[in-house]
Amino acid sequence: MLTKDTSKLSGLAALLRARIIETSSKTGTPHLGSCLSCVDILTALYFGVLRIDTNNPRAAGRDRCILSKGHGAMGLFHVLAERGFYPLSKLDTYGEDGGVFAEHPPTPDHLAGIEAATGSLGHGLPLGLGMALAGRIQDQTFNVYAVLGDGECNEGSVWEAAMLAAAQKVSNICVIIDFNKWQATGRSREIMALDPLAEKWRAFGWNAVEVDGHNFDELLQALEKFPNAIGQPTAIVAHTVKGKGASFMEDDNNWHYRIPTAEEVIKSKLELGVSL
Amino acid sequence: MRNAFAEEMTRVAATDKRVVVLSGDIGNKLFDKLRVVDEKRFYNCGIAEANMMGVAAGMALSGLRPFVYTITPFTTTRCFEQIRVDVCYHHAPVVIVGTGSGLSYSELGPTHHSLEDMAILRTLPGMRVVAPCDASELRQVLHEVLKDDSPTYIRIGKKGEADIHSSLPELKLGKVLVVRPGTDVALLCAGNMMSETLMAAVILAKSGVSAEVVSFHTVKPLDVDYLHQASKRFNLLVTVEEHSRIGGFSSAVAEWRMVQPQSSNQLAFGTDDVFMHEVGSQAYARKKYGLTADNIAASTLRVLRAPS
């Protein structure tokens, strides 16, 4: 199931982007730009790295992945469907009353493949750190991945967790920051003093690397170097573009909340090379 | 209670390999014996309670049974959102222990008082709220909480609380313990006000009033079976707690009374809706808020003897 073939991963990411854009249009779900910026990160993880079994989603030794930027849920839901946790048709109920697909991930008890219900920012890394420490206590060798937004790094709890992880030399946790340079109302490096982001993680005792978050070679290489041999936790600062995949959405923060029209869905699919 | 907590946790951790203790940079040396049991199952998480609560939830979601320990305001109000989302929304079996509850740290000022903790935690779906009245109740509670996968908040004092129970009948969460049987009025106490409540019963006895004294060690779920039978036996239920009268134990009893076709009257003792701006010992603070045996007895007597 797992592959390191970057052309396969790219094709998969394009397909996922098209589906996400279509779901946003059909269901009126916002945060499209935020979903599209982390599609390649999630694709690399779920199809290239994570040791998970869709037939046994709660297996004790599985790798854990938490989408801490929970507003990217629409992307995660499509990734989990494509990975085989549930059929794609289940997503036809997206946003329907009584269903499970909200604008943020539900709890693990309500949807297979989810490790934690997120949506309030700054929760995924502490939760993931607890899971990583549980692995140490239980003599398990699994890895924990937490995908954070750059805006999410405003939250103090992120840095509380960063300090504890380094102090405890928790090497089996990897943070991937979807650094799309925007948060809800403006440039993330202007609203709070975010820069230099990788340097900040290094200063907190983490092994930090920077990659092009849309380049599968770079993403996979960085992920392969984790866990770090000297006991440090790992932070991958992935430079991304908000709205990546549809030229008219890219780096335009209006797509934090805008919903694409049917025509814009067609235009996106043409650009992504996905059949209509 | 604090030392009993550390001592009993060491026993609990020795017998249950799922148990982990997380401390928010307090209890220097308190947990030394626990660390000997298993160094890997004790973490000083620093002065970072929001993260500590999330870490505990992550551990609980991985099959462990973490106990989070620090001074009450910092393990409740400080990180309420992490308790709500990470612990309760996931129904993660985290045990939150607040030490120095109520006015135990009176001299430290309102930053260290906790008179709202039961009120806010009681609102969270699935959360159990437990306030043992002495060390022996606490010891049993620490074992009882592990028999169920619900999150739990345990509110404890600091040190030097009187032992109430000489021999303790089997404690079950959600089932009261009658400390002193009586026939005229019921004095219901949640937590560390038990000594004053018992003394109030002694004072009432001198006036010919037989008061039943009950330990409501579990504020949620409330023992409604006891309340049903008590409201048949008594015209007046008196609630006592070192906590605001808004939202805590007295409110829980009042909420229950509200939906009964008929029930007893209620007299509530708790703290007023103010912060304490002057310095004072716990005894001073209790007196200020009317949380003394004398005031409880006198006020109860006044109500019992008032023409209806």
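A residue counts as buried here if 20 or more other C-beta atoms lie within 10 Å of its own. Keep that cut-off in mind for what follows. The model is predicted.

Start with helix 9 of chain A, which spans residues 216-224. Its buried residues are A:F216, A:E218, A:L219, A:A222 and A:L223. Viewed down the helix axis, these residues fall within an arc of 165°, so they line one face of helix 9 of chain A. What lies over them? The cover on the buried residues of helix 9 includes two helices of chain A, helix 1 (6-27) and helix 3 (39-48). It also includes strand 6 (207-212) and strand 7 (234-239) of chain A.

Now move to the boundary between the chains. Here 20 residues of chain A are in contact with 23 residues of chain B. On the chain A side, helix 5 (124-137) and helix 6 (156-167) each supply at least two residues. Helix 5 of chain A gives the most, with ten residues. By character, the chain A side that touches chain B divides into twelve nonpolar residues, six polar and two charged.

Cross over to chain B. This chain holds twelve helices and twelve strands. Its C-alpha atoms fill a box of roughly 60 × 40 × 35 Å along the principal axes. Does the radius of gyration of chain B agree or disagree with that of a compact globule? For 308 residues, such a globule would have a value near 19 Å; chain B has 19 Å, so the two agree. Of the 308 residues in chain B, 55% are buried. Contacts reach far along the sequence: among those in chain B between residues at least 6 apart, 77% join residues at least 24 apart.

Definitions and conventions:
Residues are numbered from 1 along each chain as its sequence is written. Chains are lettered from A and ligands numbered from 1 in the order in which they are written. This is a predicted model: local features need pLDDT of at least 70, side-chain atom pairs count only at pLDDT 80 or more; totals for chains, interfaces and linings use all residues. Helices (H or I, at least four residues) and strands (E, at least two) are DSSP runs, numbered from the N terminus. The radius of gyration is taken over C-alpha atoms; the globule rule is 2.2 Å times the number of residues to the power 0.38. A residue is buried if 20 or more other C-beta atoms lie within 10 Å of its own, exposed if 12 or fewer, and partly exposed in between; C-beta atoms are placed from the backbone. Two residues are in contact if their C-beta atoms, placed from the backbone, lie within 7 Å. Ala, Val, Leu, Ile, Met, Phe, Trp, Tyr, Cys and Pro count as nonpolar, Asp, Glu, Lys and Arg as charged, and the others, Gly among them, as polar. The arc is that of the directions from the helix axis to the C-beta atoms.
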